[in-house]
Amino acid sequence: MLAMVQRFFRSAVCHFVLLGLCIVALVPLYFMVVSALKEQMAFFQDPVGLPSSPVLDNFAVVFGQSKFARWILNSAVLTIASVGLTLGISCFAAYAFARIPFTGRHVLFRLTSALMAVPVIAMIVPLFVFMVKVGLVNTYPAAIAVYCGFMLPYTTFFLTGFFSRLPQGIFDAALIDGCSHGLLLRKFVLPLSLPAIATLAVVNALWVWNELLISLVLLQADDMRTLMVGITVFRDRFGVNVPVTMAGLLVAVFPMLLLYLSGLRYFVSGLMVGSLKGE
């Protein structure tokens, strides 16, 4: 009886903590939704309360911005190109680190992994100066190259750990039968690693889509702005128009929400596999 009471108490505390964390996580989304449905004056009178008379005028202002479609296109191009390029390079690099012995492999892997500790803000000025000298400011290749540079260390590190835990018997049997490393990667490793690759695709896409600093510095022309940078122009003569800005952010969240929901099965599988393998 005492054991049952203790289990019930532990379960109740656990559920209470999880419920509290869920509420904390949903507060920004609540503020964004209720603010987007208010007029500017109603927002000033009650910033956090439910809208007494919900309006959709803020969304009309957002979609009425002549450059809004262009900003969405810019974000989509940068996200698809940088994430795809990063995953492609990382798959080859991770396979080499995990399955092909060569001189200096461990040193090179540690050096690559150490780049994860380099913060974006420490590199942004040297990168901007370099891009100015080579004439790549306000171009897609500049932003894509920088995004790939910051995503490659983490993506390669994660995939190397995943590839190294695949059953060794598969590789031994395939190599004995004359299978090349390229064919082995394409026919066996990548299909078996689909949950991990999908997880990294979702995580990296979320980062690039929501990233602000790099796009703000390297893409300064109005036509080259990303969606997150473009939303910052929603201002009136008195300052930031919060309801319109929240409406723009709500629209910006929608594509990433669809991506997350479409890849949720692989995303959860990838996390579960990683946790089980780490035991």
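In which helix is the place of arginine 99? In this predicted model, the place of arginine 99 is in helix α4, and the legends below begin with the whole chain before turning to that residue and to others.

**Figure 1. Overview of the predicted protein model, with its secondary structure and overall dimensions.** The protein has 14 helices and 2 strands, and its C-alpha trace spans about 75 × 75 × 30 Å along the principal axes. The radius of gyration of the protein is 23 Å, whereas a compact globule of 279 residues would have a value near 19 Å. Of the 279 residues, 35% are buried, and the protein exposes about 16200 Å², of which carbon and sulfur atoms supply 74%. Among the contacts with a separation of 6 or more, 72% are between residues 24 or more positions apart. The protein carries 17 positive and 10 negative charges, and the mean positions of these two groups are 11 Å apart.

**Figure 2. Close-up of arginine 99 in helix α4.** With a relative accessible area of 14%, arginine 99 is buried, because the cut-off for that class is under 20%. A polar atom of the arginine 99 side chain lies 3.2 Å from the backbone oxygen of serine 164. The two residues are 65 residues apart in sequence, and their C-alpha atoms are 6.9 Å apart in space. Not counting residues up to four places away in sequence, arginine 99 touches Arg105, Phe163, Ser164, Arg165, Leu166, Gln168, Phe171 and His181.

**Figure 3. Close-up of asparagine 74, also in helix α4 (residues 68-99).** Asparagine 74 has a relative accessible area of 0% and is buried. Its C-alpha atom is separated by 5.4 Å from that of threonine 226, although the two residues are 152 residues apart along the chain. When residues up to four places away in sequence are not counted, asparagine 74 touches Tyr140 as well as the residues Asp223, Met224, Arg225 and Thr226.

**Figure 4. Close-up of asparagine 138 in the loop between α6 (120-134) and α7 (140-164).** Asparagine 138 is not a glycine, yet it has a positive phi of about 65°. Most residues other than glycine have a negative phi. The relative accessible area of asparagine 138 is 28%, so this residue is classed as partly exposed.

**Figure 5. Close-up of serine 193 in the loop between α9 (181-192) and α10 (194-210).** Although it is placed in a loop, serine 193 is buried, with a relative accessible area of 0%. Leaving aside neighbours within four places in sequence, serine 193 is in contact with Phe162, Phe163 and Leu166; of these, Phe163 and Leu166 are also among the residues that arginine 99 touches.

**Figure 6. Close-up of alanine 201 in helix α10.** Alanine 201 has a relative accessible area of 23% and is therefore partly exposed. Once its neighbours within four places in sequence are left aside, alanine 201 is in contact with Val83 and Leu87. The C-alpha atoms of alanine 201 and glycine 230 are separated by 24 Å, with the two residues 29 residues apart along the chain.

**Figure 7. Close-up of isoleucine 231 in helix α12 (residues 227-231).** Isoleucine 231 counts as buried, at 3% relative accessibility. Not counting residues up to four places away in sequence, isoleucine 231 touches Trp71, Thr245, Gly248, Leu249 and Ala252. Between isoleucine 231 and alanine 12, which are 219 residues apart along the chain, the C-alpha atoms are separated by 42 Å.

**Figure 8. Close-up of threonine 245 in helix α13 (residues 242-262).** Threonine 245 counts as buried, since its relative accessibility is 12%. A polar atom of the threonine 245 side chain lies 2.8 Å from the backbone oxygen of asparagine 241. Apart from residues up to four places away in sequence, threonine 245 touches Ile231, Phe234 and Val240, and the contact with Ile231 is the one that also appears among the contacts of isoleucine 231 in the preceding view.

Terms used. Residues are numbered from 1 along each chain as its sequence is written. This is a predicted model: local features need pLDDT of at least 70, side-chain atom pairs count only at pLDDT 80 or more; totals for chains, interfaces and linings use all residues. Side-chain values use heavy atoms; hydrogens and water are left out. Helices (H or I, at least four residues) and strands (E, at least two) are DSSP runs, numbered from the N terminus. The radius of gyration is taken over C-alpha atoms; the globule rule is 2.2 Å times the number of residues to the power 0.38. Buried means under 20% relative accessible area, exposed over 50%, partly exposed in between (1.4 Å probe, protein chains only). Contact means heavy atoms within 4.5 Å. Accessible areas come from the Shrake-Rupley method with a 1.4 Å probe; for residues, only the protein chains shown count as cover. Lys and Arg count as positive and Asp and Glu as negative; His and the chain ends are not counted. The place of a charge is taken as NZ of Lys, CZ of Arg, CG of Asp or CD of Glu. A polar contact is a pair of N or O atoms within 3.5 Å; within protein, one must be able to donate a hydrogen and the other to accept it, and residues adjacent in sequence count only if both atoms are side-chain atoms.
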